[in-house]
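This report describes selected helix packing and charge pairing, followed by the contact between two chains. The sequence and the coordinates are shown first.

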Amino acid sequence: MNPIFLIPAVLVIAGMCFMIYMNKKHQSAKSQIDLDFERNKYDVYKQEVLAQNFPQIKQWMKGKSIDAYTSASVPQSTANKVQGVISDGINNVALSAIGVKLRRIETECFWVLSGSDLHFFSTNTVGELDEHVVFDNFRMEEATLRYGGILKSQLGVYSKSSEEYLPKTHIITFNIDGTLLSLEIHDRLNYVPDPTDILNMNKQLMTRVKYQIVGEKFVKILQDKFPNLQVA
Amino acid sequence: MYAEQQAAYLNSYETGLDKGTLKTILEDYWEIFDKDDAIEVLSDLQNRNQDEYLDIVYNAFEDRENYVAILKSNLPDEEDVFKHYVEIYRKLSNVVPELVEQNVFQDFSAIKNIRDTAWNYGRGAFLSRCCYEAGYISEVELIEYLQRSHTGLRNYCRTWKEYTTSYIFGRAIWGGSNNDGMIQIADDLLNSEKSPLKNKIYL
């Protein structure tokens, strides 16, 4: 028998061994993290993650305070609605006044709470700032919030076992002079593994934890500032 | 600025515009059909410069950390009135950074005193000429109106440069972006050899 036929079998066995090995490492690294204990370090992680992983947010805020931040996304329905308004040539003064174009739904977006203003940033395909929309205190006082479940655009991409890492969302809806505009607030920052950390399970998990701790507090801080955003 | 935009004469009571253009400006743009309409619109363009609540909006814009408290504690409670001034605050937030980037002015402090007065008085001055040509006001009334406009405007703008800046700012607050044409008109009026404002600094 030609030994070349053995190569696929060897690869499959090696792959399975690697998966078992990584799974064990994952379980081991996970067991070493006490999420509740880590949550006490919110303030430290908020600064650390901002400085090390998302310095662009600080740059976009141009010196304004950053009280809380997390990832965001544009629901498909909102993007369709805004694009419909634009492509129909309807002069929607309200939306154009706040500069909402929302062309993309798949690129990175962020929320930043700064004083009484909620800033929404969307990026282009290379991560550069695309849109910056500010929802001021008076728009916030008229906004509503509801739980939106697991981020739908990512469902199906991941296996059931990795569902715990998918962002859960709240949907904030603004009334822009009669036009309702809904956007998603994630309960964690979007984590994209660094290729150089692919074998460093401890680092990967710890980064995920920090991103979660920073992001999951966002809605609570928002609700403390704007009591009308309590979810029934 | 308005006259230049409409390609009208700059230095006479007559505008030089044809009857059709005058009709469009007065009736379609300003809904002026008779003397009463003319007086109402022209008076409003002068009186709106005495709006004391604008100072509160400008103060709020300068003190962004405290804008909510400043607006809520100093503006009238009536919902529609409050919303009107909040809308101006929002427009300032959109327009000021853009005009600074376009070098119309260096920072907001340059605008705080001159406000949008040239936009109001300037449009009023051109419209009064249109009203005069349409027969809605007499020459005496036109001259009195122009004199009141000049006196009122000088409380805010002392130079023609301040005037053009204030006009562009007012237009941007009214209509948002796309002020390149008006910026070019201002530049021409201030610097062109053929401009009646050339070498004139003060109003």
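## Helix packing and chain contact

In this predicted model, six residues of H10(B), namely Trp160(B), Lys161(B), Thr164(B), Tyr167(B), Ile168(B) and Arg171(B), meet Met182(B), Ile183(B), Ala186(B) and Leu190(B) of H11(B). By class, this contact of H10(B) with H11(B) comprises 7 nonpolar, 1 polar and 2 charged residues. H11(B) spans residues 180–191, and its axis lies 10 Å from that of H10(B), at an angle of about 170°. Because angles over 145 degrees count as roughly antiparallel, H10(B) and H11(B) are assigned to that class.

H10(B), residues 160–175, also packs against H8(B), residues 117–134; here the axes come within 6 Å and cross at roughly 95°. H8(B) is therefore roughly perpendicular to H10(B). From H8(B), the residues involved are Thr117(B), Ala118(B), Trp119(B), Gly122(B) and Arg123(B); from H10(B), they are Tyr163(B), Ser166(B), Tyr167(B), Gly170(B), Arg171(B) and Trp174(B). The contact of H8(B) with H10(B) has 5 nonpolar, 4 polar and 2 charged residues. Tyr167(B) and Arg171(B) of H10(B) thus take part in the contact with H8(B) and in the contact with H11(B).

Attention now turns to charge pairing. Side chains of opposite charge can pair when their charged atoms come close. Over all chains, the structure holds 18 salt bridges, and two examples are tabulated below.

| Salt bridge | Closest N and O atoms |
|---|---|
| Arg39(A) with Asp36(A) | 2.8 Å |
| Glu141(A) with Lys72(B) | 2.6 Å |

The pair Arg39(A) and Asp36(A) lies within helix H2 of chain A, residues 35–39; because the two are 3 residues apart in that helix, about one helical turn separates them.

The pair Glu141(A) and Lys72(B) instead joins chain A to chain B. Between these chains the count is 3 salt bridges, and the interface has 4 residue pairs in polar contact, both residues being at pLDDT 80 or more. On the side of chain A that touches chain B, helix H7(A), residues 137–141, gives the most, with 4 residues. That side of chain A consists of 2 nonpolar, 2 polar and 6 charged residues.

How many residues does each chain bring to the contact? Chain A supplies 10 residues and chain B supplies 10 residues. The size of an interface is often given as the accessible area lost when the parts come together. For chain A and chain B, the buried area is about 870 Å², with 45% of it on carbon and sulfur atoms.

Definitions and conventions: Residues are numbered from 1 along each chain as its sequence is written. Chains are lettered from A and ligands numbered from 1 in the order in which they are written. This is a predicted model: local features need pLDDT of at least 70, side-chain atom pairs count only at pLDDT 80 or more; totals for chains, interfaces and linings use all residues. Side-chain values use heavy atoms; hydrogens and water are left out. Contact means heavy atoms within 4.5 Å. Buried area is the accessible area (1.4 Å probe) that two parts lose on being put together, summed over both. A salt bridge is a side-chain nitrogen of Lys or Arg within 4 Å of a carboxyl oxygen of Asp or Glu. A polar contact is a pair of N or O atoms within 3.5 Å; within protein, one must be able to donate a hydrogen and the other to accept it, and residues adjacent in sequence count only if both atoms are side-chain atoms. Ala, Val, Leu, Ile, Met, Phe, Trp, Tyr, Cys and Pro count as nonpolar, Asp, Glu, Lys and Arg as charged, and the others, Gly among them, as polar. Axes are lines fitted to C-alpha atoms, for helices over the stretch in contact, and angles run from 0 to 180 degrees between N-to-C directions. Angles under 35 degrees count as roughly parallel, over 145 as roughly antiparallel, 65 to 115 as roughly perpendicular and the rest as oblique.
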